[in-house]
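Here are a few notes to read with the structure open beside you. Take the points one at a time and find each place as you go.

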Amino acid sequence: MSVWINEDAKVIVQGITGRQGLFHATKMAEYGTNLVGGCTPGKGGQTVDLGVREVPVWDSVEDAIKATDADASVVYVPPPFAAGAIMEAAEAFDRIKGEGVIICITEGIPTLDMVKAVAYVDDRPGIRLIGPNCPGIITPGDTGGAKIGIMPGHIHAKGRIGIVSKSGTLTYEAVAQTMSINEGQSTCIGIGGDPVNGTGFIDCLAAFQADSQTEAIVMIGEIGGSAEEEAAAWAKDNVTKPIVGFVAGATAPPGKRMGHAGAIISGGKGTAAEKFAAFEEAGIHVARDPSEIGAVLKTALEQAGLL
Amino acid sequence: MNIHEYQGKQLFRDAGVPVLDGVHCTTVGEALTAYDNLGSKVVAVKSQIHAGGRGKGNLYCPETGELQMEGGVKIAFSREEVETYATNILGHILITKQTGEEGKLVRNLYVESGCDIAHEYYLAMLVDREAKSILIMASTEGGMDIEEVAESTPEAIHKIWIDPNSGLLPFQSRNLGAALGLEGGALKSFMKMLSKLHSVFIANDCTMVEINPLVKTVDNGIIALDAKVGFDSNAEFRHKDWDDMRDMGEEDEAEIRASEAGLSYVKLDGNIGCLVNGAGLAMATMDVIKLKGGDPANFLDVGGGANEEQVTTAFSIILEDPNVKGILVNIFGGIMRCDIIARGVIAAVENLGLEVPLVVRLAGTNVDEGKAILAESTLNIHPADDLAAGAQRIVELIGGGE
């Protein structure tokens with residue numbers, strides 16, 4: 001098993017004819033993702049060449065799902081139209097299948113657009129949104145796997161560590177850390193660094209706890225908001241698998257947005273110190289230095305009798 | 001992006017949120033003309049900077065550093081007082097608890113009519129990240145520092161959340177007003193004001209609107225005596241009018257240039273420059289430098305697809321900071337290939353004639369090619385295999401740390 005996305009999940013790409021969409025669709029297909037097509041309004045009936053194969057393009061998400069029975073859709077649509085693309089996918093999955101996973105990679109979507117889109121998705125209980133402003137989700141397989149997003153596929157391997165993170169490249173760092181102690185990953189989920197997003201830490205922790213393939217969890221947070229504190233408190237009562245936690249931004253000054261729209265200490269709240277303290281309070285194994293995630297994970301696995 | 005109080009009040013005025021008459025001034029002469037034209041015996045003379053705590057802040061002389069006047073917001077009862085206050089404010093440095101020690105040079109002034117206040121309230125509208133909706137907070141403790149109120153008497157802060165599907169509903173405004181003890185005409189005025197303020201928030205893609213104080217007048221009017229407004233930079237593409245409201249004097253020049261080049265840069269106080277791809281990794285890099293006993297000079301995220309030109313711009317921005325004694329480049333190549341970064345680094349070093357030590361850590365896509373390119377170069381570049389080693393190395397090279 002794995003989380004939300006199986007290694008053979010059927011995936012469509014929204015914005016597949018755009019520069020970003022086509023580039024990453026090609027990379028995903030190369031990795032082995034079961035990419036079955038895409039959509040771009042006005043380009044229905046065309047095909048796009050992904051190197052390993054050609055796939056069809058539809059005008060709407062509805063047409064694409066009807067034709068392919070897709071399980072997931074990944075959004076590479078530019079910021080002004082991205083929230084609309086998320087809602088289109090939510091409506092189509094809900095009507096046709098009653099379920100579906102939407103992964104939004106787009107960075108720079110207006111916050112109030114996301115407030116609307118998240119409410120729309122939440123009104124449809126079978127639909128899950130991951131992101132926006134995230135690297136995506138990857139479930140490495142025995143050969144290939146499902147890579148839905150922009151992460152470099154080749155750094156991953158199938159294994160028993162679940163990774164959830166607000167960051168992109170820092171997630172890759174965490175993946176490399178697990179590989180440095182010869183551990184692969186069950187599923188890696190980037191939930192994104194925006195203030196308002198879909199799937200949160202708690203959803204991911206719950207899914208990892210329920211997943212038989214996942215035996216330990218790495219959780220990477222950032223300054224801003226209180227999602228890490230809430231997740232830690234929840235994990236204390238609900239997660240029995242060992243968790244290793246890191247929070248980026250211990251040296252960030254208050255009131256300054258650190259790249260990600262959500263990474264800002266406001267009104268003295270959302271500091272790394274508070275989040276690390278919440279992790280420790282919840283019995284999470286803390287790595288203060290991301291290059292120690294591997295070592296801390298190894299200790300956590302040993303203590304849990306998993307090594 | 002933040003705007004000044006006088007600009008926020010213009011947005012309010014245009015939308016029908018009650019504010020007093022006022023005039024934006026940049027000279028003492030304009031302030032006196034404003035006083036004459038407002039026809040109000042009592043006026044407020046208010047420093048305009050992008051930071052709160054102005055009333056309790058102090059003004060200092062930029063040349064001598066001596067205290068010029070206590071309080072960045074003054075009530076003037078005569079033309080002479082307007083002249084004195086405007087003279088003491090314009091061209092002086094205002095230091096408040098939100099500006100940091102260096103304070104901010106005041107270039108703008110707002111002269112506003114007075115009114116008869118019966119009570120002061122606090123009101124704020126913002127996006128609640130956890131509830132994923134707009135939150136309105138109000139308190140009867142107006143004029144106070146809301147963080148202190150939240151700390152000492154959290155029960156005094158009343159909150160309502162707005163369902164994005166239905167918008168702000170009349171019962172919510174009524175309940176919030178009633179919780180503040182408003183009734184009759186004042187409650188009606190409050191409900192009307194709140195509905196218009198919500199429209200301002202949505203129409204302008206605000207991240208925050210704070211009114212401290214919001215006042216009830218003796219004749220039961222509700223007036224916004226303050227306006228702290230922040231816009232969501234992500235929505236800039238649909239607000240062409242923001243360009244006119246942007247006060248470049250309030251923003252860091254290097255941060256603006258970085259953002260124009262598609263880079264995200266924040267200047268800090270340390271001496272080790274950082275060039276990283278990805279916001280989370282950039283923060284983590286700063287953190288590790290600190291753990292190794294060094295001090296980061298900046299946050300800099302070159303993004304997912306930086307090219308040679310952007311890398312050069314990034315280096316030049318880092319090097320403009322005279323405190324920088326060394327640079328750590330940390331790239332985990334995903335979309336970005338390490339060989340491209342390596343070429344960019346070499347080009348930048350050659351173009352800029354880099355004189356400080358440079359440590360480069362590469363990982364991810366095409367890492368071997370990237371490392372080979374750096375190794376072949378005759379430039380003084382120190383390679384590192386992982387982040388900890390890279391941070392350790394740069395701290396040693398500048399002769400700091402443990």
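**Notes on two interfaces**

1. Let's start where the two chains meet. Chain B and chain A bury about 3900 Å² between them, with carbon and sulfur atoms giving 63% of it. Please keep in mind that this is a predicted model.

2. Which three residues of chain B supply more of its buried area against chain A than any other three? They are B:Arg129, B:Lys132 and B:Phe332, and together they supply 19%. In all, 47 residues from chain B and 57 residues from chain A take part in the contact.

3. Now for the charged and polar links. There are three salt bridges between chain B and chain A. In a salt bridge, the side chain of B:Arg238 meets that of A:Asp113 at 2.8 Å, N to O. The two chains also have 16 residue pairs in polar contact.

4. Several elements of chain B give two or more residues to the side that touches chain A, among them strand 10 (133–139) and helix 6 (184–203). The largest share, ten residues, comes from helix 9 of chain B. By class, this side has 23 nonpolar, twelve polar and twelve charged residues.

5. Next, look inside chain A, which is divided into domain 1 (10–130) and domain 2 (157–303). Their C-alpha centres lie 27 Å apart. The area buried between these domains of chain A is about 700 Å², 57% of it from carbon and sulfur atoms. The count of salt bridges between them is zero, while two residue pairs are in polar contact.

Notes: Residues numbered from 1 in each chain as written. Chains lettered and ligands numbered in written order. Predicted model: local features only at pLDDT ≥ 70, side-chain atom pairs only at ≥ 80, totals over all residues. Heavy atoms only, no water. Domains from an automatic or database assignment. Buried area = accessible area lost by both parts, 1.4 Å probe. Salt bridge = Lys/Arg side-chain N within 4 Å of Asp/Glu carboxyl O. Polar contact = N/O pair within 3.5 Å; in protein donor to acceptor, adjacent residues only side chain to side chain. Contact = heavy atoms within 4.5 Å. Helix = DSSP H or I, 4+ residues; strand = E, 2+ residues; numbered from the N terminus. Nonpolar A, V, L, I, M, F, W, Y, C, P; charged D, E, K, R; others polar.
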